[in-house]
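Biologist: I would like a close look at one buried part of a model and at how it is held in its surroundings. Please then go through some further places in the same chain, at a pace that suits a first-year student.

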Amino acid sequence: MSTTETVSACMLDCPDGCSFIVATDDEGGMRIRGNPEHPFTQGFICAKTARFPERLAHPARITTPLLRRGEGFVPVSWRRALELVAGRIDALRATPERMAHVKGGALRGVLAQASRHLFGVLGATNTSGSPCDEAGSAATVLDFGALDQNAPEDVLRAARIVNWGRDLTRCSVHQLALVKQARRQGARVLSISPDGGGCAEFSDRVLAVRPGCDRFLAAAACKALLERGVAPGVRAAAHGLEAFQALLAAHDTAALLDACGVAPTDFAELLACYIADGPTATLIGWGVQRYLHGGENVRFIDALAALSGNVGRAGGGVSYGISSGRNFVKWATRGVAPAPRSLPMHALGRALLEADPPVELLWIDGMNPVAQLPESRTLARALRRCGFVVVVEAFMTDTAEQADLILPCALLTEREDLAGSCVHSVVNYAAKVREPVGEARADFDFVSELGRMLREPVPLPAAEECFRMALSGPSTPFSMDELRARGFMRARWPEVAFEGMRFAHPDGKFRLPGALHPEPEAGPEWPCALLTLAHRDRINSQIDPQALDAPGEGPGLPPVAVSPGNPCLEGLDPERPVFLATPAGRMPVRLRLDSGVHPEAIVARRGGWMRDGRCFNPLIAAQECDLGGCTAFYSQRARLEN
């Protein structure tokens, strides 16, 4: 039996952006392993991607277009499916705001932007904000003028690493490997988290912080730094330093520490990391921003790193993230006018129900919003009230169940594309290894066909032209032929962002926060923050629909973890059914005690589906963060009850 090996790449909603080797045999077998030549992948990949061949061949996979008939679905041809969509687009062309497009990042890439181009040209309603990282991204741009960071390998030059809540064991196994290597070389790692989670695995010390209150801890450290006196070069690079000093002078250090729940001795340990000789690298987790004041959390951490002289320095810097598309010229939105209206992602269900004029055609791709967004039941009801809902999907998710038409998409290894990462600056070539299963098709192909079928056609460029345009920017001085030949190419970006403390604002200086807001009062009725954190074995809601439990969890109710000191345990009978409750309702859960969890937190792992009783988002209210239209998932107050 002969085996063929092909270089391809991951395009899932994961920061690592891996390059991998796909081995296929004559009998249709497939195995995926990390590309040893890739500078970031380094020859290994996560277990989720290694098992992706099981997902490709899963018996529950949708492999033909499905049209709703009554309470179920019937197969239809691609021609019939696209004719139905084209007819509705033609009928709504004069009032394009009655069409809406919801796109997520479940399948990234250059060609994956095809639907964005089609509906952008049509002038359809789109969405604003993000369920994930926009508050932190907006904060970074406000502070430094651009969303940039040191190369991930630069952490190996750090003397210390302060990790503000990034659980690398669940969200970035390659950054985890780098941090572990840095520790072996002598770097000390201090993690700050309301959960602890996997941080203990790669940290010398984990400090517990009250959920959502990182800004008070960072503000206390900034205040101490300013009282000691910052370096002249740092002072010269800071815009508005006097106003920032006045802001902090109005806050007592003891009160700041009380607000974040950190003891003075632990605070001293943090402060030592930022005043000691040698560079300190700062990692910011993708969760610090998911609070009502999440952008402010990030801004104060940025301020601490900058005031300590650790930004623009090898071995230092602040690593929050970069845009996974920053290496590519955005062909899909070139020449496209702004949408006539946008629906806020954090409250999509309410926005659809209240839309005037109403949405009569809704296209959803790259996302399972019913399971992924707050107020899931409201969103499911809103989808049922839309005139015609098209969902591009490979499985019968909570969102697909509400569709009028399901279009089966090609998955990894079944389509060609280019992909980036929100951590590293390597452009990966994702080769098409084999044909899609059944009648599934690549999004770019069927969106292009749909555009040609319209009464007034919307032609898409050929795929090769899209690739050429995407690679026409200054950071990618290489061709598609070179990428196909090698499998990846490193884009041109500095190893050290903002080197020499030269920032991307017009005056070259960094900015400081202008306000420090108190945390909203919790109240005794809802004493805990519900933290729906990343799952080790799932990427958001992209999971195996017949294996909802991760290995070792076992079947049954979704688990939640609390501290033995959690106030909800008082009066709770563990022998009776336990419920997680919020003002929106309650759901049965399985209780687990974990001393690493903050006493005011309830930790759940996201990714389950609503129809299986494993989705927490029906209990989470639609709240917006202070920046970027981000969704404030973690500001949901909750309790446990019998």
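Modeller: The answer begins with one strand and then moves to further parts of the chain.

The model is predicted: local features need pLDDT of at least 70, side-chain atom pairs count only at pLDDT 80 or more, and totals for chains, interfaces and linings use all residues. Residues are numbered from 1 along each chain as its sequence is written, and side-chain values use heavy atoms, with hydrogens and water left out. The mean pLDDT of the protein (the predictor's confidence in each residue, from 0 to 100) is 94, and 98% of the residues reach 70 or more. A stretch to read with care is residues 544–554, where pLDDT stays under 50. For this stretch the model has 29 contacts (heavy atoms within 4.5 Å) beyond four places in sequence.

The part for the close look is strand S15, residues 361–365. Strands (E, at least two residues) and helices (H or I, at least four) are DSSP runs numbered from the N terminus. S15 is largely enclosed by the rest of the structure, because 5 of its 5 residues are buried. Buried means under 20% relative accessible area, exposed means over 50%, and partly exposed lies in between (1.4 Å probe, protein chains only). In a regular strand the side chains alternate between the two faces of the sheet. In S15, Leu361, Trp363 and Asp365 point one way, while Leu362 and Ile364 point the other way. The residues on both sides are all buried.

What does S15 pair with? Two strands pair if DSSP finds at least two bridges between them. Strand S6 (residues 99–103) pairs with S15 in the parallel sense, over 5 bridges. Strand S16 (residues 389–392) also runs parallel to S15, and 4 bridges join them. Ile364 takes part in both pairings: Ile364 is the bridge partner of Val102, and Ile364 stands opposite Val391 in S16.

A buried place outside a strand is Asn327, in the loop between strand S13 (318–319) and strand S14 (342–344). Asn327 counts as buried because its relative accessibility is 4%. Its side chain makes a polar contact with the side chain of Trp493, at 2.7 Å. A polar contact is a pair of N or O atoms within 3.5 Å; within protein, one must be able to donate a hydrogen and the other to accept it, and residues adjacent in sequence count only if both atoms are side-chain atoms. Leaving aside neighbours within four places in sequence, the residues in contact with Asn327 include Ser425, Val427, Ala470 and Trp493.

Ala470 leads to helix H18 (residues 463–470), where the buried residues are Cys466, Phe467, Met469 and Ala470. These residues lie on the same side of H18, because they cover an arc of only 165° around the axis (the arc of the directions from the helix axis to the C-beta atoms). They pack against strand S18 (417–419), helix H17 (443–453) and helix H19 (480–486).

Further along the chain, 6 strands form a closed barrel with mixed pairing, in the order S22-S26-S23-S25-S24-S27. From one strand to the next the twist averages 45° (axes are lines fitted to C-alpha atoms, and angles run from 0 to 180 degrees between N-to-C directions). Strand S22 (residues 528–533) and strand S27 (residues 637–641) pair in the antiparallel sense over 2 bridges. In this pairing Cys528 stands opposite Ala638 in S27.

Glu641 is also in S27. Is Glu641 buried or exposed? Glu641 is buried, with a relative accessible area of 19%. The side chain of Glu641 makes a polar contact with the side chain of Arg586, at 3.1 Å. Not counting residues up to four places away in sequence, Glu641 touches Leu572, Pro577, Val578, Phe579, Ala581 and Arg586.

Leu569 is placed in the loop between strand S23 (559–562) and strand S24 (578–582). Leu569 is partly exposed, with a relative accessible area of 22%. Beyond neighbours within four places in sequence, Leu569 is in contact with Val562, Ser563, Pro564, Leu591 and Leu593. The C-alpha atoms of Leu569 and Thr24 are separated by 52 Å, and the two residues are 545 residues apart along the chain.
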